[in-house]
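The following note sets out several points on the model, for consideration alongside the sequence and coordinates.

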Amino acid sequence: MSSTQTVKLNRATFMFPLALVLFEFSVYIGNDLVQPAMLAITHDFGVSSSWAPSSMSFYLLGGACVAWLLGPLSDRFGRKKVLLNGVLFFALMCLLILLTTNIESFLALRFLQGFGLSVITAVGYAAIQETFDERDAIKVMALMANVSLLAPLLGPVLGAFMIDHISWHWGFIGIAVLTLMSWFGLKAKMPETKKSIPKKPLIYILEDFKQVFKNKKFLALTCALPLISMPLMLWIALSPVMLVEYLGLTSMQYGLAQFPVLGGLIAGNIVLLKIIDRLPLGKTVLLGLPLMLIGTLILMFGAIWQEYFIICLILGMTFISFGEGMSFSVIYRFALMSSEVAKGTVAAAVSVLLMLSFFIFLELGRVLYEYFHIWAYSLICFTFIILWFTFPRISLKKVMQERVEQGQF
């Protein structure tokens, strides 16, 4: 149930997603700037470097734990009110982490900062999907992804600079400042929304979620999202350990290694923008996933012939990220529209499944990497992409066939 009439994408209407993407950039760089600094942070707190990936895991767990509430609340009280309060909360948590003195309190604040992820996925993305027409909404998501990708591109370089020249604390100060700037932009440019459903006791949230999770199409399409995105999430979480500790790269070389990988994601999003109006919706996914499979096979080659591992790692991850760029926004749209329940609740269900999957498999990947190193990383990436070619692919083909039967392109 849409709360606003959809609009076409133009210079005036793009100001709202531009303000939102500034917050998205702040949330993402809240991970990508911190991850390369985690080796220095664990050293400051006097703990093992094996704690480094946990910063990202707890960040994602925080996102998963609150999404179930934020989406339904935005259905009842309006997207804008919930979004603006969420932005302020994230800025406050970035400032409070400056007071931490041990790894436990640091991870606790990382958990609370992770709420910002749900503000984006359960509230912000739902508002985008409701505000714009179908293909324009996908274009906006792809454009936002490209802008937000400045975070993982700049984050490692800035993180390396912090390690070498200043304290990691300044990173969180900068993130808080960017977040407050986005708050002012959203307050001015985000359209006001009416409550999309009548006020009811919060117990009805449970009934709405039951309806969403009983939808087999929703489950299949939503489960496709972590299968597509987990290899790149593992790269972001484990690449500091793989590249710096295992392969012996410097912090700056680690930062530069991010450019081809994340550049592939940007290129994939650009290709999506160029061809989405020419092909049936969903076709880009069927083109992108075979490229991701090729990327995982290149990773496997590098694990077998380890003298070529660094080349295979970067080349394989570039193929994988390119395919993800062509696929993710389309699958997200299909998953969100697969249920008739209010879109804040559906977006929250997507966010919960996505963030919980990230937390579980990142922690599993961290443990397996400690024992099996690059073999664990390569096999996990390969397994996720192979699994996509089972039920998620079948569900996508069914959705595309239904659209043809309904006369939708």
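Is Thr222 buried or exposed?

1. The model under discussion is predicted. In it, Thr222 is buried, its relative accessible area being 2%. That value lies under the 20% cut-off for burial. Thr222 belongs to helix α11, which spans residues 216-246. Leaving aside residues up to four places away in sequence, Thr222 touches Ala335, Val350 and Leu353.

2. Helix α5 (residues 103-113) merits attention for the arrangement of its buried residues, which are Ile103, Phe106, Leu107, Leu109, Arg110 and Gln113. Viewed down the axis of α5, these residues fall within an arc of 160°, and they therefore line one face of the helix. A general point is pertinent here: an α-helix has 3.6 residues a turn, so residues three or four places apart point the same way. The cover over the buried residues of α5 includes α1 (15-32), α2 (38-45), α3 (52-77) and α4 (79-96), together with α6 (115-131) and α9 (169-189).

3. Leu368 lies in helix α15, residues 343-372. Leu368 counts as partly exposed because its relative accessibility is 27%. With residues up to four places away in sequence set aside, the contacts of Leu368 are His373, Ala376 and Ile380. Of these, Ile380 is 12 residues from Leu368 along the chain, and the two C-alpha atoms are separated by 9.4 Å.

4. His373, one of the residues that Leu368 touches, is located in the loop between α15 and α16 (374-388). What is the sign of phi at His373? Phi is near 55°, a positive value in a residue other than glycine. His373 is also partly exposed, at a relative accessible area of 34%.

5. The last point concerns the pairing of helix α13 (residues 283-304) with helix α17 (residues 391-405). The axes of these helices come within 10 Å and cross at roughly 155°. Angles over 145 degrees count as roughly antiparallel, and α13 and α17 are therefore roughly antiparallel to each other. The crossing of α13 past α17 is left-handed. On the α13 side, the contact involves Lys283, Val285 and Leu286, which meet Arg393, Leu396, Lys397 and Met400 of α17. The residues of this contact comprise 4 nonpolar and 3 charged, with no polar ones.

Technical notes. Residues are numbered from 1 along each chain as its sequence is written. This is a predicted model: local features need pLDDT of at least 70, side-chain atom pairs count only at pLDDT 80 or more; totals for chains, interfaces and linings use all residues. Side-chain values use heavy atoms; hydrogens and water are left out. Axes are lines fitted to C-alpha atoms, for helices over the stretch in contact, and angles run from 0 to 180 degrees between N-to-C directions. Helices (H or I, at least four residues) and strands (E, at least two) are DSSP runs, numbered from the N terminus. Angles under 35 degrees count as roughly parallel, over 145 as roughly antiparallel, 65 to 115 as roughly perpendicular and the rest as oblique. A crossing is left-handed if the near helix is turned anticlockwise from the far one by less than a right angle, and right-handed if clockwise. Contact means heavy atoms within 4.5 Å. Ala, Val, Leu, Ile, Met, Phe, Trp, Tyr, Cys and Pro count as nonpolar, Asp, Glu, Lys and Arg as charged, and the others, Gly among them, as polar. Buried means under 20% relative accessible area, exposed over 50%, partly exposed in between (1.4 Å probe, protein chains only). The arc is that of the directions from the helix axis to the C-beta atoms.
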